[in-house]
Protein chains: 2
Amino acid sequence: MKLTSKGRYAVMALVDMARFDNINPVSLRDISLRQGISLDYLEQIFSKLRKKEIVQSVRGTQGGYVLNKKAREIKLTNIFDAVDEKVKTVQCKKESKKGCNGKATKCLTHNLWDELENHINNFFDQKSLEDLVKDNSERRI
Amino acid sequence: MKLTSKGRYAVMALVDMARFDNINPVSLRDISLRQGISLDYLEQIFSKLRKKEIVQSVRGTQGGYVLNKKAREIKLTNIFDAVDEKVKTVQCKKESKKGCNGKATKCLTHNLWDELENHINNFFDQKSLEDLVKDNSERRI
DNA sequence: TAGATACTTGACTATTTTAGTCAGGTTTAT
DNA sequence: ATAAACCTGACTAAAATAGTCAAGTATCTA
């Protein structure tokens, strides 16, 4: 089990943005340089974040992106959801007719993965962007 | 983020085994048929489980595998560890000298992934094979 | 109004991981 | 002896990942 870079980059970029006043737009170019993430890749990611209304875009010179909500209101769940970072632990869900393993019943571990998903989602539901920014400023070197 | 089939199969197979008396060895062929998992793939998985002393093998006719400990003592952590199902949320750990993103400091989300890993591992540390067997017998249809 | 900055979109691709398969063993109960 | 079952290593098709590349459009500023 692992998190992909897309989700990680999305969070990194948003934390980077959230550190500022949120009045002046932050350009992807700056984020790219500061965080060492490919500009082209960031554009893909921000396109998704914009569609889910987590950020707003400002075009033109001096443009960039601005958070669309308070940092406290943006939970990790929202971010991961936006960039398709799913916590899918198992394929049990898809086939509604049959159970997992193609048999009539649920597979022996079905409930386990359900529980795990809840456990992880609880974590993500609670963490906000604000929490992460604070966490960083506290341990600033 | 997702769990791979290898970890899922390992747990399924062990729960399957744990339902029996643990005196007569259970053959992979039987597990394969009951759980719908490829026999060849099961063999790869059990090779790892054996190396980590989670199961013991009994060769020859009527052979198979037996749990090496009480079901209560086998935690999911042990299983995932055996089959290399890592909960690695991020590559921050590798380069000990430098931080993540190749810079001197830790990346903005480093602590987050640490916390998440702990959160997930807590879950796995607590769940034992016995818990899963009980869970299944309770909801048997 | 020219030019630069920055967003926007879609197609493409190399690499890695996953989820197996396959072929050939060895061991042991009957 | 022989069949059941473990054991091992090499191989591979398909999917996912982590990007790159190209060709735009919008808007600010000089």
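**A walk through two protein chains and two DNA strands**

Chain A is built from six helices and two strands. Follow this chain from its N terminus and you meet the elements in the order α-α-α-β-β-α-α-α. Please keep in mind as you look around that this is a predicted model.

How far can we trust chain A? Its mean pLDDT is 87, and 84% of its residues reach 70 or more. One stretch calls for care: over residues 93–98 of chain A, pLDDT stays under 50. The model gives that stretch four contacts beyond four places in sequence. Where pLDDT is low, the predicted coordinates should not be read in detail.

Now for the chain as a whole. Chain A has 141 residues, and 45% of them are buried. The area that chain A exposes is about 7,700 Å², with carbon and sulfur atoms supplying 45% of it. You can also ask how the chain meets itself. Take the contacts in chain A between residues at least 6 apart in sequence: 64% of these join residues at least 24 apart.

A pair of residues lets you see this kind of meeting for yourself. Find A:Arg29, which sits in helix α2 of chain A, residues 28–35. Then find A:Gly64, 35 residues away along the chain; the C-alpha atoms of A:Arg29 and A:Gly64 are separated by 8.8 Å. Is A:Arg29 buried or exposed? A:Arg29 counts as exposed because its relative accessibility is 53%, and the cut-off for exposed is over 50%.

For a contrasting case, turn to chain B and look for B:Leu49 in helix α3. B:Leu49 has a relative accessible area of 0%, so this residue is buried. Which residues does B:Leu49 touch, if we leave out those up to four places away in sequence? They are B:Leu14, B:Ile54, B:Val55, B:Ile79, B:Ala82 and B:Val83. With B:Val83, the separation is 34 residues in sequence, while the C-alpha atoms are 6.8 Å apart in space.

Back in chain A, two loop residues are worth a stop for their backbone angles. Most residues other than glycine have a negative phi. A:Asn22, in the loop between α1 and α2 of chain A, has a positive phi near 70 degrees. A:Glu53, in the loop between α3 and β1 of chain A, also has a positive phi, of about 60 degrees, although it is not a glycine. As for their surroundings, A:Asn22 counts as partly exposed at 29% relative accessibility, whereas A:Glu53 counts as exposed at 51%.

Next, let us visit the DNA, beginning with strand D. This strand is surrounded by 26 residues, and the closest are A:Ser38, A:Gln44, A:Arg59, B:Ser57 and B:Tyr65. Which elements supply at least two residues each to the surface near DNA strand D? From chain A they are α1 (5–18) and α3 (39–51), and from chain B they are α3 (39–51), β1 (55–58) and β2 (64–67). By class, the residues of this surface are six nonpolar, 14 polar and six charged.

What part of strand D comes within 4 Å of the protein? Of those DNA atoms, 61% belong to sugar or phosphate, and the rest to bases. You can find examples of both kinds. On the phosphate side, a polar side-chain atom of B:Ser57 lies 2.6 Å from a phosphate oxygen of DNA strand D, and a polar backbone atom of B:Leu28 is 3.2 Å from a phosphate oxygen of that strand. On the base side, a polar side-chain atom of A:Thr61 is 2.9 Å from a base oxygen of DNA strand D.

Finally, move over to DNA strand C, which is surrounded by 26 residues; the closest are A:Glu43, A:Gly64, A:Tyr65, B:Ser38 and B:Gln44. Here chain A brings α3, β1 and β2, while chain B brings α1 and α3, each with at least two residues of the surface near the strand. Among the atoms of strand C within 4 Å of the protein, 62% are from sugar or phosphate. One phosphate oxygen of strand C lies 2.7 Å from a polar side-chain atom of A:Tyr65. The bases take part too: a base oxygen of strand C is 2.6 Å from an N or O atom in the side chain of B:Gln44, and a backbone N or O atom of A:Thr61 lies 3.5 Å from a base oxygen of strand C.

How values were computed. Residues are numbered from 1 along each chain as its sequence is written. Chains are lettered from A and ligands numbered from 1 in the order in which they are written. This is a predicted model: local features need pLDDT of at least 70, side-chain atom pairs count only at pLDDT 80 or more; totals for chains, interfaces and linings use all residues. Side-chain values use heavy atoms; hydrogens and water are left out. A residue is near a molecule or strand if one of its heavy atoms lies within 4 Å of it. A polar contact is a pair of N or O atoms within 3.5 Å; within protein, one must be able to donate a hydrogen and the other to accept it, and residues adjacent in sequence count only if both atoms are side-chain atoms. Helices (H or I, at least four residues) and strands (E, at least two) are DSSP runs, numbered from the N terminus. Ala, Val, Leu, Ile, Met, Phe, Trp, Tyr, Cys and Pro count as nonpolar, Asp, Glu, Lys and Arg as charged, and the others, Gly among them, as polar. pLDDT is the predictor's confidence in each residue, from 0 to 100. Contact means heavy atoms within 4.5 Å. Buried means under 20% relative accessible area, exposed over 50%, partly exposed in between (1.4 Å probe, protein chains only). Accessible areas come from the Shrake-Rupley method with a 1.4 Å probe; for residues, only the protein chains shown count as cover.
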